[in-house]
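Let's take a look at a protein model together, starting with its pocket and then moving to its surface. Have the picture ready as you read.

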Amino acid sequence: MRERHPASEVLRTFGAVGFVAVIGYVILAARLGVGFAIPVGIVGSLAVTLALRGPFGRALLGQAPASDPASDLVTGQLLTEVDDLRNRVQELEERVDFSERLLASQSRPPEQ
């Protein structure tokens, strides 16, 4: 049995949706008239084409976006900053715990 590629499933789905869209467009043209349907068809076709040629279309086909060295550098810097902040928060939590224990021990009545 032949293994199916995930992109072929997406394309098959687009084909089915496109077929239904064409049928709907024909019905729209029949009801509203050709004078209205032609501009709607042109604008709709351009919008779908632009959307599918961009990052949205690549994401639907499962293609990874191109890696940008500048964005990789920024991502690395942000991850480093997040790690530093995580360490600082952990240190502050330890200090608060220590302060709470210290206050709790001072507020207890002395044992006899």
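## The largest pocket

Which helices each supply at least two residues of the lining of the largest pocket? They are H1 and H2. Keep in mind that this is a predicted model.

How much space are we talking about? The largest pocket holds about 370 Å³. Its lining includes Phe-14, Val-17, Gly-18, Ala-21, Val-22 and Tyr-25, and Val-40, Gly-41, Gly-44, Ser-45, Val-48 and Leu-52 line the pocket too. Sort these lining residues by character and you get 8 nonpolar, 4 polar and no charged.

## A nonpolar patch outside

Now for the surface. Leu-11, Phe-14, Val-48, Leu-52, Phe-56, Leu-60 and Leu-61 make up a nonpolar patch there, and together they have about 580 Å² of accessible area. Helix H1 (6-32), helix H2 (34-53) and helix H3 (55-60) are the elements that give two or more residues to this patch.

Notice some familiar names: Phe-14, Val-48 and Leu-52 belong to the patch, and they also help line the largest pocket.

## Two leucines in H1

Leu-11 sits in helix H1. Is Leu-11 buried or exposed? Its relative accessibility is 52%, so Leu-11 counts as exposed, the cut-off being over 50%.

Leu-28 is also found in helix H1. Leu-28 has a relative accessible area of 28%, so this residue is partly exposed. Try finding Val-40 from here: Leu-28 and Val-40 are 12 residues apart in sequence, and their C-alpha atoms are 9.8 Å apart in space. Val-40 is one of the residues lining the largest pocket.

Conventions: Residues numbered from 1 in each chain as written. Predicted model: local features only at pLDDT ≥ 70, side-chain atom pairs only at ≥ 80, totals over all residues. Heavy atoms only, no water. Patch = residues over 30% accessible without salt bridge, like charges linked within 9 Å, V, L, I, M, F, W, Y side chains within 5 Å. Areas by Shrake-Rupley, 256 points an atom, 1.4 Å probe, with all protein chains shown as cover. Salt bridge = Lys/Arg side-chain N within 4 Å of Asp/Glu carboxyl O. Helix = DSSP H or I, 4+ residues; strand = E, 2+ residues; numbered from the N terminus. Buried < 20%, exposed > 50% of the residue type's maximum accessible area, 1.4 Å probe, protein only. 1 Å grid on protein atoms, 1.4 Å probe; cavity = no way out; pocket = protein on both sides within 12 Å on 5 of 7 lines; lining within 4 Å. Points joined across faces, edges and corners; volume = space filled by probe spheres on them. Nonpolar A, V, L, I, M, F, W, Y, C, P; charged D, E, K, R; others polar.
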